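User: I would like to go through the labels given to individual residues and pairs in this model, and to hear the reasoning behind each of them.

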Amino acid sequence: MCVGLPMQVIAPAPGQTLPAGWVRVAGRGEERAVDTALVGACAPGEWVLVFLDRVQERLDARRAAEIDATLDLVAGVMGGLWNALSATAVRLAIAILVYGG
């Protein structure tokens with residue numbers, strides 16, 4: 001299954017040169033370079049949804065936080081923390097992720 005990750009565009013590392021149409025992003029504990037061909041140029045501070053090292057769409061900070069929280073819930077369930085999470089919270093998170101709130 002391919003899952004999109006909300007990531008924030010950051011400035012390249014000092015001395016780092018990226019190919020045209022690529023930016024550096026950070027999120028969910030990692031940094032990477034991603035292709036922006038589908039959305040056009042992105043500036044540091046912008047939030048984007050990344051699939052397989054490609055930006056699929058731009059996000060506002062609220063939507064990025066919703067997706068991030070939902071991914072945390074899914075990771076918790078997959079990690080065996082189901083008893084700590086209510087079924088209602090999981091259904092709400094899925095609704096936010098699928099339907100945008």
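**Reasons behind the labels**

Analyst: In this predicted model, Arg 32 is buried, since its relative accessible area is 18% and the label applies under 20%.

User: What makes Arg 32 and Asp 53 a salt bridge?

Analyst: The side chains of Arg 32 and Asp 53 meet with an N to O distance of 3.0 Å, and the rule asks for a side-chain nitrogen of Lys or Arg within 4 Å of a carboxyl oxygen of Asp or Glu, so the pair qualifies. The two residues belong to distant parts of the chain, with Arg 32 in strand 3 and Asp 53 in the loop between strand 4 and strand 5, 21 residues apart. Asp 53 has a relative accessibility of 33% and therefore counts as partly exposed.

User: Why is Arg 24 called buried?

Analyst: Its relative accessibility is 17%, and buried means under 20%, so the label follows for Arg 24. Arg 24 is found in strand 2, which spans residues 22-27, and, with residues up to four places away in sequence set aside, it touches Gln 8, Val 9, Ile 10, Ala 11, Pro 12, Gln 16, Leu 18, Glu 31, Arg 32 and Ala 33.

User: Why is Glu 30 called partly exposed?

Analyst: Glu 30 has a relative accessibility of 32%, and since buried requires a value under 20% and exposed one over 50%, Glu 30 falls in between. This residue is found in strand 3 (residues 30-35), and its contacts beyond four places in sequence are with Leu 5, Met 7 and Val 25. The C-alpha atoms of Glu 30 and Met 7 are separated by 9.1 Å, although the two are 23 residues apart along the chain.

User: Why does Phe 51 count as partly exposed, and what does it touch?

Analyst: The relative accessible area of Phe 51 is 23%, and buried would need a value under 20%, so Phe 51 is partly exposed. Phe 51 has its place in strand 4 and, leaving out residues up to four places away in sequence, touches Cys 2, Val 3, Gly 4 and Gln 56. From Phe 51 to Cys 2 the C-alpha distance is 7.2 Å, with their positions 49 residues apart in sequence.

User: How do you know that Arg 28, Asp 68 and Asp 72 are linked in a network?

Analyst: The closest N and O atoms are 2.4 Å apart for Arg 28 and Asp 68 and 3.0 Å apart for Arg 28 and Asp 72; because the cut-off is 4 Å, each pair is a salt bridge, and Arg 28 takes part in both. Arg 28 lies in the loop between strand 2 and strand 3 and Asp 72 in helix 1, so this pair ties together parts that are 44 residues apart in sequence. By the salt-bridge rule, the count comes to nine.

User: What makes Ile 94 eligible for a nonpolar surface patch?

Analyst: A patch takes in residues with over 30% relative accessible area and no salt bridge, and Ile 94 has a relative accessibility of 45%, which means that it passes the area cut-off and counts as partly exposed. Ile 94, which lies in helix 2 (residues 87-99), forms the patch together with Leu 97 and Val 98, and their joint accessible area is about 250 Å².

Conventions
Residues numbered from 1 in each chain as written. Predicted model: local features only at pLDDT ≥ 70, side-chain atom pairs only at ≥ 80, totals over all residues. Heavy atoms only, no water. Patch = residues over 30% accessible without salt bridge, like charges linked within 9 Å, V, L, I, M, F, W, Y side chains within 5 Å. Areas by Shrake-Rupley, 256 points an atom, 1.4 Å probe, with all protein chains shown as cover. Helix = DSSP H or I, 4+ residues; strand = E, 2+ residues; numbered from the N terminus. Buried < 20%, exposed > 50% of the residue type's maximum accessible area, 1.4 Å probe, protein only. Contact = heavy atoms within 4.5 Å.
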